[in-house]
Amino acid sequence: NKFVINTGRCYESIKEEIDLYKIKYDYLVCNNGLIVFDCDNNILTSSCLSNNKLNLINSYIDKNNYVKKKSPYDFYSISDKFENVLELCISFKNIKSTKLAHQELSSMHDILCYRYLNKIFISNNITKSDAVSFIQNLENVSNEDIYTVGDNINDLEMLQDFNGYKMLYSYPCLWFKKIKTTREVHTLVKKINKR
């Protein structure tokens, strides 16, 4: 069996916990599917925003006088020109302007835009599910042999596309989908091993 950690967090953030708890993995997916590492922490694939997309987004930000910030979830070092960016983070003064900008930015072609409080995170239109598909192709396994577990909205596609299980304490919208539930990951592993 192969064990994959698939997180919205950046490499540095999740690696601290992996090292602390000595977790062994075959693949590590960070930034909601934007970057995939092997067990030796080599980058297998990554999806940076193109210069064209960055220019469009930067023009929109400048036109509306929004504040650009380096995303705490970004793996690459970011220059003043925002090159090699996995994710852009934009801060807003209030929720109303955040909602408006989110609507406008979401209409841009082939980007993924999600809102958290008064911040918007922008990346290529890649999800955790896309990263699972990438690993699936590397390992040459069927959908039926892939089990996924998650607890948040950024896990939704992955849970729907594969044998998905939501955690008992999950984001409310996951409870309105037809997704099985598990109390803990190790409980699910035991259940799978009995089959």
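The following questions and answers go through side-chain contacts, strands and backbone angles in a predicted model.

Reader: What numbering and filters apply here?
Author: Residues are numbered from 1 along each chain as its sequence is written, and side-chain values use heavy atoms, with hydrogens and water left out. The model is predicted, so to speak of local features needs pLDDT of at least 70, side-chain atom pairs count only at pLDDT 80 or more, and totals for chains, interfaces and linings use all residues.

Reader: How are the rings of Tyr-11 and Phe-37 arranged?
Author: Rings of Phe, Tyr and Trp (its six-membered ring) pair if their centres lie within 6.5 Å; planes under 30 degrees apart count as stacked, over 60 as edge-to-face and the rest as tilted. The structure holds four aromatic pairs. In this one the centres are 4.7 Å apart and the planes stand at 40°, so the pair of Tyr-11 and Phe-37 is tilted.

Reader: How many residues apart in sequence are the parts that this pair ties together?
Author: Helices (H or I, at least four residues) and strands (E, at least two) are DSSP runs, numbered from the N terminus. Tyr-11 lies in helix H1 (residues 11–21) and Phe-37 in strand S3 (residues 35–38). The parts tied together are therefore apart in sequence by 26 residues.

Reader: Is Phe-37 buried or exposed?
Author: Buried means under 20% relative accessible area, exposed over 50%, partly exposed in between (1.4 Å probe, protein chains only). Its ring partner Tyr-11 has 16% relative accessibility and counts as buried. Phe-37 has 1% relative accessibility, so Phe-37 counts as buried.

Reader: Which residues do ring pairs link into a cluster?
Author: Ring pairs also occur away from Tyr-11 and Phe-37. The cluster they form is made of Tyr-60, Tyr-66 and Phe-92.

Reader: How far from the ring centre of Trp-175 is the charged end of Lys-166?
Author: A charge sits over a ring if NZ of Lys or CZ of Arg is within 6 Å of the ring centre and within 35 degrees of the ring normal. Lys-166 sits over the ring of Trp-175 in this way. Its charged end is from the ring centre 4.2 Å.

Reader: How many bridges join S3 to S4?
Author: Two strands pair if DSSP finds at least two bridges between them. S3 and strand S4 (residues 43–46) run antiparallel, and Ile-35 stands opposite Ser-46 in S4. The number of bridges joining the strands is three.

Reader: Which residue in the turn of the hairpin has a positive phi?
Author: S3 and S4 form a hairpin with four residues between them. Cys-39 is in the loop between these strands and counts as partly exposed at 43% relative accessibility. The positive phi, about 65°, belongs to Asn-41.

Reader: What is the C-alpha to C-alpha distance between Cys-39 and Tyr-27?
Author: In sequence, Cys-39 and Tyr-27 are twelve residues apart. In space, their C-alpha to C-alpha distance is 5.4 Å.

Reader: What phi does Lys-22 have?
Author: Lys-22 is in the loop between H1 and strand S2 (27–30). Lys-22 is exposed, with a relative accessible area of 69%. Although Lys-22 is not a glycine, its phi is positive, about 55°.

Reader: Where does Asp-110 lie?
Author: Phi of Asp-110 is near 60°, a positive value in a residue other than glycine. Asp-110 counts as partly exposed at 38% relative accessibility. Its place is the loop between helix H3 (95–106) and strand S7 (111–116).

Reader: Which residue meets Asp-19 in a salt bridge?
Author: A salt bridge is a side-chain nitrogen of Lys or Arg within 4 Å of a carboxyl oxygen of Asp or Glu. The structure holds four of them. Asp-19 and its partner are four residues apart in helix H1, which means about one helical turn. At 2.8 Å, N to O, the partner is Lys-15.

Reader: How many residues apart are Asp-155 and Lys-128?
Author: Their side chains meet in a salt bridge (2.6 Å, N to O). The pair links distant parts of the chain, with Asp-155 in the loop between strand S9 (147–150) and helix H5 (156–161) and Lys-128 in helix H4 (residues 128–139). Both residues are buried. The separation is 27 residues.
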